[in-house]
Amino acid sequence: MADALNFASDNASGAAPRIMDALNHANAGYAMPYGVDDYSKAAEAVLSAIFERDCTVFLVPTGTAANALALSAICPPWGAVFGHDQAHIMDSECGAPEFFTHGAKLVRVPGGKGRIEPAALKHVLRGFPRGVVKQVQASALTLSQASESGTLYKVAAIRELSRIAHEAGLKVHMDGARFANAVARLKISPADMTWKAGIDVLSFGGTKNGTLMCEAVV
């Protein structure tokens, strides 16, 4: 009898057999530490090919680590990160984004079906004018693709939200815990959905697609 499906979480199952086989293969012999090993270099080369440009890649063990570290690279301690009010960084990462940015403020942006609407982003940004020294400075926008509701941003929406953010002086992060699912569903290239649409840094998810403690900040 087939195993029962478990809907507790999309990372509740074990790693894919091919991943375990690859780990056993990589475990043989020796490799240099601290990201200068051949496996890390190969991963960077593969991701650069996937995204159709040279990429800098940092491999980390969890999605929360990927999001928090990515945001810390684009948002100062006195900055504000804008995200959907149901985003993972808002409700499910236990203060990690604030910790790793050394105190940046998370600002919720409303929107139906897990997605930020351009008009809502503009409205919230108006409450954070630049140069007010007693207030956090608008620094980053984060978009979840796919969203916590399972919905997707089309490329035109990503491009418009990125344009609004960049014009306001923000960098744009994409929480891609389910990035591969979004690529498959929309039938577009990873490049079209990220840097070509205005994304500056991506948390590339692997755990929810069968890997074992391996996400990437791209």
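The paragraphs below walk through a helix, a cluster of aromatic rings and a cavity in this predicted model.

We begin with helix α7, which covers residues 155-167. At 1.5 Å a residue, its 13 residues should span 18 Å, and this agrees with the end C-alpha atoms, which are 18 Å apart. Within α7, the residues Val-155, Ile-158, Leu-161, Ser-162, Ile-164 and Ala-165 are buried. An α-helix has 3.6 residues a turn, so residues three or four places apart point the same way. The buried residues of α7 pack against α6 (118-125), β4 (137-144), β5 (171-176) and α9 (190-193), and just after the helix Gly-169 takes a positive phi of about 85°.

We turn next to the aromatic rings, of which a search of the whole structure finds 5 pairs. In one of these, the ring centres of Phe-51 and Phe-179 are 5.9 Å apart and their planes stand at 35°, so the pair is tilted. Phe-51 sits in the loop between α2 (38-50) and β1 (58-60), whereas Phe-179 belongs to helix α8 (residues 179-186), so that the pair links parts of the chain 128 residues apart. Phe-51 also pairs with Phe-204, with ring centres 6.0 Å apart and planes at 80°, which makes this pair edge-to-face. Because Phe-204 lies in strand β6 (residues 201-204), this second pair ties together parts that are 153 residues apart in sequence. Phe-51, Phe-179 and Phe-204 form one aromatic cluster.

Finally, the search for empty space finds 1 cavity of 30 Å³ or more, with a volume of about 50 Å³. Its lining divides into 3 nonpolar, 5 polar and 1 charged residues, and β4 supplies the largest share, 3 residues.

Definitions and conventions
Residues are numbered from 1 along each chain as its sequence is written. This is a predicted model: local features need pLDDT of at least 70, side-chain atom pairs count only at pLDDT 80 or more; totals for chains, interfaces and linings use all residues. Side-chain values use heavy atoms; hydrogens and water are left out. Helices (H or I, at least four residues) and strands (E, at least two) are DSSP runs, numbered from the N terminus. The expected span of a helix is 1.5 Å times one less than its number of residues. Buried means under 20% relative accessible area, exposed over 50%, partly exposed in between (1.4 Å probe, protein chains only). Contact means heavy atoms within 4.5 Å. On a 1 Å grid over the protein atoms alone, a cavity is a set of points where a 1.4 Å probe fits but cannot get out, and a pocket is an open set with protein on both sides within 12 Å along at least five of seven lines; lining residues have an atom within 4 Å of a point. Grid points are joined across faces, edges and corners, and a volume is the space filled by probe spheres set on the points. Ala, Val, Leu, Ile, Met, Phe, Trp, Tyr, Cys and Pro count as nonpolar, Asp, Glu, Lys and Arg as charged, and the others, Gly among them, as polar. Rings of Phe, Tyr and Trp (its six-membered ring) pair if their centres lie within 6.5 Å; planes under 30 degrees apart count as stacked, over 60 as edge-to-face and the rest as tilted.
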